[in-house]
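User: Please take one part of this model and examine it closely. I should like a connected account that a first-year student can follow, with the terms explained as they arise.

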Amino acid sequence: MTTLDPRGDLVALTRAVCDVPSVSGDETALADLVEAALRTADHLEVLRDGDAVVARTHLGRPSRVVVAGHLDTVPVADNLPTRLEDGWLWGRGTVDMLGGVAVALALAVRLENPTRDVTWVFYDHEEVEAELNGLGRLVRTHPDWLACDFAVLGEPSNGGIEGGCNGTMRAEIRLHGVAAHSARAWVGVNAIHAAGEVLRRLEAYEPRSVEVDGLVYRESLNAVLMSGGTATNVIPDRCVVTVNYRFAPSTDVAGAEQHLRELFDGFEVVVTDAAPGARPGLDHPAAAEFARAVLAVTGGAPAPKYGWTDVARFSALGIPAVNFGPGDPLLAHKDDERCPVDQITSSYAALRTWLTS
């Protein structure tokens with residue numbers, strides 16, 4: 001693959017984008033192709049920072065919107081190259097979120113005269129630690145590139161609108177013991193055995209459903225990693241259970257941390273990564289206008305975004321933002337990741353209608 005063709009068939013473009021492996025940290029090849037495709041459009045100013053590519057119009061419109069999407073995916077699981085079968089496009093990235101990237105790339109190149117000035121943002125490192133996030137880097141280094149009145153994240157939303165997002169926190173529950181020879185275990189203390197109480201608390205935990213501005217967000221708290229031990233004949237003196245807490249946008253990062261510390265009282269809790277959520281913001285005039293225009297094409301009603309997305313970064317800047325893109329979020333990151341072709345085309349049609357109305 002040496003070029004992308006945003007003016008050609010949309011499904012073929014989506015396949016071409018997805019077929020360029022772009023696991024987090026390895027986005028350069030795809031970023032190069034996206035930049036080259038954008039530079040074929042004379043109506044766009046194209047900018048780049050690392051593997052984040054920005055293209056924008058300068059038409060003197062009374063408002064400016066950002067349409068953004070991340071170029072990276074989680075690791076490939078023998079699900080590339082893509083395949084087209086019975087109206088579904090199968091493969092890594094088809095849902096999260098290179099389908100949305102393809103839609104944005106096609107519109108960026110094709111729409112020479114939108115009724116709003118548009119900044120198109122394609123960025124790196126969304127699927128990893130928040131500190132590496134390419135959009136976050138642009139906020140720090142080029143905030144003027146992101147100036148706008150409203151933002152759309154092309155995250156998968158089943159072709160509907162998902163408002164706001166949950167916050168996310170990762171923490172290590174660190175357990176300590178005393179090392180000893182396993183043949184004389186009574187002189188040691190087994191740190192892995194001590195993790196049993198942590199796991200029992202997690203097993204008994206009942207996550208909340210929280211209503212925020214008319215949308216109900218489901219929380220979750222799970223052990224996602226566990227490590228410990230040094231050798232098969234040594235009583236382990238250390239064990240770490242890593243947990244991931246997804247919390248409603250009505251709770252801030254400090255409140256989420258307090259909740260974890262209360263739940264794991266008696267254990268050492270070390271927060272390793274956290275990002276706040278974002279309230280829905282669908283009562284904002286720009287968001288309401290977007291919802292009317294898009295849902296007139298796709299149907300449905302706004303829903304909450306259970307995962308964390310970069311709408312939270314725009315929310316922190318005081319910019320209303322929503323999630324809108326093809327693909328079922330429940331299929332994100334799965335080995336059988338797949339997206340209905342009609343959602344790719346309807347998402348394109350809805351965004352085009354909004355940007356030209």
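Analyst: The following account takes one helix, from the loop before it to its partners and the sheet beneath.

The model is predicted, and local features are reported only at pLDDT of at least 70, side-chain atom pairs only at pLDDT 80 or more, whereas totals for chains, interfaces and linings use all residues. Residues are numbered from 1 along each chain as its sequence is written, and side-chain values use heavy atoms, without hydrogens and water.

The helix in question is H3, residues 98–110, and the loop before it begins after strand S5 (88–90). (Helices, H or I of at least four residues, and strands, E of at least two, are DSSP runs numbered from the N terminus.) Methionine 97 belongs to this loop. Its peptide bond from aspartate 96 is cis, with omega near -20°.

The partner to consider now is helix H2, which covers residues 28–38. The axes of H2 and H3 are 10 Å apart, and the helices pack at an angle of about 20°. (Axes are lines fitted to C-alpha atoms, for helices over the stretch in contact, and angles between N-to-C directions run from 0 to 180 degrees.) This angle makes H2 roughly parallel to H3. (Under 35 degrees is roughly parallel, over 145 roughly antiparallel, 65 to 115 roughly perpendicular, and the rest oblique.) H2 brings Leu30, Val34, Ala37 and Leu38 to the contact, and H3 supplies Leu98, Leu105, Ala108 and Val109. (Contact means heavy atoms within 4.5 Å.) Sorted by class, this contact holds 8 nonpolar residues and no polar or charged ones. (Ala, Val, Leu, Ile, Met, Phe, Trp, Tyr, Cys and Pro count as nonpolar, Asp, Glu, Lys and Arg as charged, the others, Gly among them, as polar.)

The H2 residues just named also appear in the list of buried positions. Leu30, Ala31, Leu33, Val34, Glu35, Ala37 and Leu38 are the buried residues of H2. (Buried is under 20% relative accessible area, exposed over 50%, partly exposed in between, with a 1.4 Å probe and protein chains only.) H3 is one of the elements that cover them. The cover also includes helix H1 (10–18), strand S1 (45–49), strand S2 (52–56) and strand S6 (117–123).

H3 has a further helical partner in H9, residues 341–356. The two pack at an angle of about 40°, their axes being 10 Å apart. That makes H3 oblique to H9. Val103, Ala106, Leu107 and Arg110 of H3 meet Ile344, Ser347, Tyr348, Leu351 and Arg352 of H9. The classes here are 6 nonpolar, 1 polar and 2 charged residues. By contrast, the contact of H2 with H3 has no polar and no charged residues.

The remaining surroundings of H3 belong to a sheet. This is an open sheet of 8 strands in the order S1-S2-S6-S3-S7-S18-S8-S17, and its pairing is mixed. (Strands pair if DSSP finds at least two bridges between them.) At its edges stand S1 and strand S17 (303–304), each of which pairs on one side only. Within the sheet, S2 and S6 are antiparallel and are joined over 4 bridges. Across this pairing, valine 54 stands opposite valine 121 in S6. H3 packs on the sheet and touches S3 and S6, and its direction makes about 140° with that of S6. Helix H4, residues 134–141, also packs on the sheet, touching S1, S2 and S6, with its direction at about 125° to that of S6.

One of the strands that H3 touches is S3, and S3 covers residues 64–70. The loop from S3 to strand S4 (83–85) contains proline 81. A cis peptide bond joins leucine 80 and proline 81, with omega about 0°. Aspartate 78 lies in this loop between S3 and S4 as well. Aspartate 78 has a positive phi of about 55°, although it is not a glycine. Is aspartate 78 buried or exposed? With a relative accessible area of 76%, aspartate 78 is exposed.

In summary, H3 packs against H2 at about 20°, against H9 at about 40°, and on the sheet at S3 and S6.
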